[in-house]
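Biologist: Please show me the model, and let us then discuss how its descriptive terms are justified.

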Amino acid sequence: DGGYCVMRDGWADADNFMIVDAGEVGGLSGGHGHADTLSIVVSIDGRPLLIDSGTYTYHESQELRDYFRSTSAHNTLEIDGISSSEPGSAFGWRTRAGARIERWIGTDRFDYFEGSHDGYMRLESPAVHTRSILFLKGDYWIIRDVVETDGEHAYSLNFHFDPRVATTIGDDGTSIGGDGHRIYTFGDNGNWEQKESWVSTNHGNRVNAPLMRFVSQGIGKQEFWTF
């Protein structure tokens with residue numbers, strides 16, 4: 001009901017977990033919301049792998065306030081380098097993406113999520129992002145990101161890793177590695193970029209953390225597959 005879908009294959013210390021955010025951009029006026037629509041957080045073998053960047057600050061820096069609540073600071077698809085929800089004041093928004101859960105199936109063997117949002121309909125060439133995720137419990141996740149649009153856009157699939165994870169780009173150019181696990185992403189004209197970002201686990205403190213981005217550019221409908 002709150003828009004969060006939880007995928008988990010058990011409650012033991014070494015089990016696997018993903019949460020998908022298809023909720024509102026904050027309650028009421030959205031003051032504490034982030035532009036994190038359809039973002040994910042993942043733990044594998046009981047250890048954090050893909051994480052939320054946190055909040056860090058409210059008033060000390062408008063630039064850092066906006067960064068930590070931006071789409072680029074979360075594990076989801078960013079279009080044309082702008083956020084799915086456009087920030088305004090420190091506790092306000094100019095626009096807020098509307099998310100919708102299209103389908104949710106939870107079984108003993110697998111979980112399936114499908115959701116979409118309209119945050120990029122405000123672009124000169126409007127775009128709708130739909131994310132589908134299949135979790136075969138104890139095995140792997142498959143993520144499908146589809147963008148319905150007629151125009152040309154730049155895309156960035158963002159993956160923020162836990163600061164304790166050492167990340168690398170695979171020799172095949174289609175995968176990234178971290179903490180003994182690999183992520184493969186496929187999309188037209190795409191390639192991986194290795195960056196450095198921030199994570200804040202409590203107010204006023206931040207540390208560097210690895211950011212891996214699968215970037216591409218294309219005209220019309222786009223599709224990305226991540227394993």
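Modeller: Three bridges join strand S13 to strand S14 (residues 175-178), and the two run antiparallel.

Biologist: What makes S13 and S14 a pair?

Modeller: Two strands pair if DSSP finds at least two bridges between them; S13 and S14 have three bridges, so they satisfy this definition. One of the partnerships is that of Ile-169 with Ile-176 in S14. This is a predicted model, in which local features need pLDDT of at least 70, side-chain atom pairs count only at pLDDT 80 or more, and totals for chains, interfaces and linings use all residues. Residues are numbered from 1 along each chain as its sequence is written, and side-chain values use heavy atoms, without hydrogens and water.

Biologist: What is the order of the strands in the open sheet of eight strands?

Modeller: The order is S8-S9-S10-S11-S18-S15-S14-S13, with antiparallel pairing. Strands are DSSP runs of E with at least two residues, and helices are runs of H or I with at least four, numbered from the N terminus. The protein has 18 strands and one helix.

Biologist: Why do S8 and S13 stand at the edges?

Modeller: S8 (99-106) and S13 (167-169) each have a single partner strand, so one side of each is left without a neighbour in the sheet.

Biologist: How do you know that the radius of gyration agrees with a compact globule?

Modeller: The radius is taken over C-alpha atoms, and the globule rule is 2.2 Å times the number of residues to the power 0.38. For 227 residues a compact globule would have a radius near 17 Å; the protein has 17 Å, and therefore agrees.
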